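The following account leads the reader through one protein structure, beginning at a single residue and widening to the whole chain. The sequence and the coordinates are best kept in view throughout.

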Amino acid sequence: MWFLNQETGCTWEVTDQELMLRLQSSGHYEQVEEPQPDETEEDEPVTKAQTVKNMKRTDKHK
């Protein structure tokens with residue numbers, strides 16, 4: 001089953017029965033259909049340079 005976190009907008013696939021029951025009773029999650037991949041978006045592979053750039057610290061503390 002898929003659940004939407006209404007606070008963050010993230011969708012999660014849940015397979016644990018106990019967790020499904022807890023999420024269904026929670027006011028923060030809503031059961032949704034399985035999300036379909038968006039055909040308009042293309043996942044570009046992340047290069048090593050992009051990964052290093054994303055990890056580089058931009059602020060320096062003295």
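**From one residue to the whole chain**

M20 lies in helix 1, which spans residues 17-25. The model in which it appears is a predicted one. The residue has a relative accessible area of 9%, and because the threshold for burial is under 20%, M20 counts as buried. Which residues does M20 contact, once its neighbours within four places in sequence are left aside? They are M1, F3, V14 and T15. For F3, the C-alpha atom lies 8.5 Å from that of M20, although 17 residues separate the two in sequence.

F3 leads on to the sheet. Strand 1 comprises residues 2-5, and F3 has W12 of strand 2 as its bridge partner. Strand 1 and strand 2 are paired in the antiparallel sense, with three bridges between them. The two strands form a hairpin in which five residues intervene. Within the turn of this hairpin, G9 adopts a positive phi of about 85 degrees.

Strand 1 also pairs with strand 3, again in the antiparallel sense, through four bridges. Two positions illustrate this pairing: W2 stands opposite V32 of strand 3, and L4 stands opposite E30 of strand 3. In general, the strands of a sheet pair through backbone hydrogen bonds, in either a parallel or an antiparallel arrangement.

Taken together, these pairings give an open sheet of three strands, with the order 2-1-3 and antiparallel pairing. The edge positions belong to strand 2, residues 11-13, and strand 3, residues 29-32, each of which pairs on one side only. From one strand to the next, the twist averages 35 degrees.

The view can now be widened to the complete protein. It contains two helices and three strands, and from the N terminus on these elements follow the sequence β-β-α-β-α. How much of the protein counts as buried? Of its 62 residues, 10% fall into that class, and M20 is buried. The protein exposes about 6,200 Å², of which carbon and sulfur atoms supply 49%. As for contacts with a separation of 6 or more, 40% of them in the protein are accounted for by residues 24 or more positions apart.

Terms used
Residues are numbered from 1 along each chain as its sequence is written. This is a predicted model: local features need pLDDT of at least 70, side-chain atom pairs count only at pLDDT 80 or more; totals for chains, interfaces and linings use all residues. Side-chain values use heavy atoms; hydrogens and water are left out. Buried means under 20% relative accessible area, exposed over 50%, partly exposed in between (1.4 Å probe, protein chains only). Contact means heavy atoms within 4.5 Å. Accessible areas come from the Shrake-Rupley method with a 1.4 Å probe; for residues, only the protein chains shown count as cover. Two strands pair if DSSP finds at least two bridges between them. Axes are lines fitted to C-alpha atoms, for helices over the stretch in contact, and angles run from 0 to 180 degrees between N-to-C directions.
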